[in-house]
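Biologist: Please show me the model, so that we may discuss how its parts are arranged.

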Amino acid sequence: MTVALIEMKARLHEITLPVRDYDLDATLTSGQAFGWERGASGWMGVVTGRWVELSSGLTGIQARTVVNPGGWNWLRDFLQTEVRLAEVIRTFPADDEHLQQAVQACRGLRLLRQEPWECLASFILSSTKQIVQIRQIVQLLRERFGSPVSVREGVAPVFAFPTAAQLAGLTEADLRACKMGFRAPYLLAAARRVKAGEIDLVAIGGMELAAAREQLLRFEGVGEKIADCVLLFAYGFPTAFPVDVWVRRVLVDFYFRKRQVSPERLRRFIEKHFGPHAGYAQQYLFHHIRTMPAKKLSIPKAAP
DNA sequence: AACCAGGGAGCGT
DNA sequence: ACGCTCCATGGT
């Protein structure tokens, strides 16, 4: 308690990370991260255990935090401000009007580089949930089981996403009380396997894409889609391409003229069409289709 | 193969 | 006010 009070009075640290073409709103609400809250003076969240408040300025992203040992690389890494977005977009197929249009619709949408455990756990919770509900579950988990972090004076208490070790000691009932339903045993098992070192989340970062995916698929509650989310959003594999119902719809509509497509054929198309930054292309298509006003899309059935 | 598990936002009626 | 749909994993 004493420690918390002392830290509350810690000096505010500020920096502007120079970056152009960075749409913070779109990036933090585009279904890749679930722990950010829009406050009066910016987006508040927790990155590597540090509370941080972000806002967009003329020359870049302004960041404020209260404890800041050793520079700002933890934040540069999370936000991926060093990524040259124009160079990423230049690799997209030039003759793909749909993709180019999606890019134009949201210049500055970025991919974050999240912490593997938080990302994995969040996406285990995401299955058959919508973004709003995932946010609610994550918030409950943080409040109940996460460690408190120091915040700026006047800001309501904030908690870090609970570590695997913190969750591993809980019961399934504890987790179900956070409204995650049938996902509770999956999250609990994942926490215990990570804590025990049975699956090494750090080691996955050094693997080839296929081997990394294989490791992630060992977790119960992790299928192809969720594995691809973690590969893209936490490990930064640039060709990981999560296909959920929205992305499937947009792909079938745009590239297959609403004809039925088998999952294998879709997979082959993605691999050859979108290039070395396919994951970024996926993010633009996803965001575009989610924000387009009442765009009519077919609802394709899965091919046999 | 079709359905369920659990949940709440966000529709349309 | 009420019912219906959404959503993506694993088990029956």
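The questions and answers below concern helix packing and the DNA strands in this predicted model.

Biologist: How are α6 and α13 oriented relative to each other?

Modeller: Helix α6 covers residues 116-125 and helix α13 covers residues 224-233; their axes are 9 Å apart and the packing angle is about 150 degrees. An angle over 145 degrees counts as roughly antiparallel. Therefore α6 and α13 are roughly antiparallel.

Biologist: Which residues of α13 make the contact with α6?

Modeller: The crossing of these two helices, α6 and α13, is right-handed. From α6, the contact is made by Cys119, Leu120, Phe123 and Ile124, and from α13 by Lys225, Ile226, Cys229, Val230 and Phe233. By class, this contact of α6 with α13 has eight nonpolar residues, no polar residues and one charged residue. The α13 residues asked for are thus Lys225, Ile226, Cys229, Val230 and Phe233.

Biologist: How are α6 and α10 oriented relative to each other?

Modeller: Helix α10 comprises residues 184-195, and its axis is 9 Å from that of α6, at an angle of about 160 degrees. The crossing of α6 and α10 is right-handed. Because the limit for this class is an angle over 145 degrees, α6 and α10 are roughly antiparallel.

Biologist: How many nonpolar residues does the contact of α6 with α10 have?

Modeller: On the α6 side the contact is made by Trp117, Ala121, Ile124 and Leu125, and on the α10 side by Tyr186, Leu187, Ala190, Ala191 and Val194. No polar and no charged residues occur in the contact of α6 with α10, and the number of nonpolar residues is nine.

Biologist: Is α5 roughly parallel or roughly perpendicular to α16?

Modeller: The axes of helix α5 (residues 97-105) and helix α16 (residues 278-291) come within 9 Å and cross at roughly 70 degrees. Angles from 65 to 115 degrees belong to one class. The orientation of α5 to α16 is therefore roughly perpendicular.

Biologist: Which residues of α16 make the contact with α5?

Modeller: The contact of α5 with α16 has seven nonpolar, two polar and no charged residues. Helix α5 contributes Leu99, Gln101, Ala102, Val103 and Ala105, while the residues of α16 are Ala281, Tyr284, Leu285 and His288.

Biologist: Which element gives the most to the surface near DNA strand C?

Modeller: DNA strand C is surrounded by 17 residues, and the closest are Thr128, Gln130, Val245, Trp246 and Arg249. A phosphate oxygen of this strand is 2.7 Å from an N or O atom in the side chain of Trp246, and a phosphate oxygen is also 2.7 Å from an N or O atom in the side chain of Arg249. The elements that give two or more residues to this surface are α13 and α14 (245-255). With three residues, the element that gives the most is α14.

Biologist: What percentage of the atoms of DNA strand B within 4 Å of the protein do sugar and phosphate account for?

Modeller: The residues that surround DNA strand B include Thr128, Gln133, Lys179 and Arg183. For the atoms of DNA strand B that come within 4 Å of the protein, the share of sugar and phosphate is 43%.

Biologist: Which residue has a polar side-chain atom 2.4 Å from a base nitrogen of DNA strand B?

Modeller: A polar side-chain atom of Lys179 lies 3.0 Å from a phosphate oxygen of DNA strand B. A backbone N or O atom of Thr128 lies 3.3 Å from a base nitrogen of that strand. The residue with a polar side-chain atom 2.4 Å from a base nitrogen of DNA strand B is Gln133.

Terms used:
Residues are numbered from 1 along each chain as its sequence is written. Chains are lettered from A and ligands numbered from 1 in the order in which they are written. This is a predicted model: local features need pLDDT of at least 70, side-chain atom pairs count only at pLDDT 80 or more; totals for chains, interfaces and linings use all residues. Side-chain values use heavy atoms; hydrogens and water are left out. Axes are lines fitted to C-alpha atoms, for helices over the stretch in contact, and angles run from 0 to 180 degrees between N-to-C directions. Helices (H or I, at least four residues) and strands (E, at least two) are DSSP runs, numbered from the N terminus. Angles under 35 degrees count as roughly parallel, over 145 as roughly antiparallel, 65 to 115 as roughly perpendicular and the rest as oblique. A crossing is left-handed if the near helix is turned anticlockwise from the far one by less than a right angle, and right-handed if clockwise. Contact means heavy atoms within 4.5 Å. Ala, Val, Leu, Ile, Met, Phe, Trp, Tyr, Cys and Pro count as nonpolar, Asp, Glu, Lys and Arg as charged, and the others, Gly among them, as polar. A residue is near a molecule or strand if one of its heavy atoms lies within 4 Å of it. A polar contact is a pair of N or O atoms within 3.5 Å; within protein, one must be able to donate a hydrogen and the other to accept it, and residues adjacent in sequence count only if both atoms are side-chain atoms.
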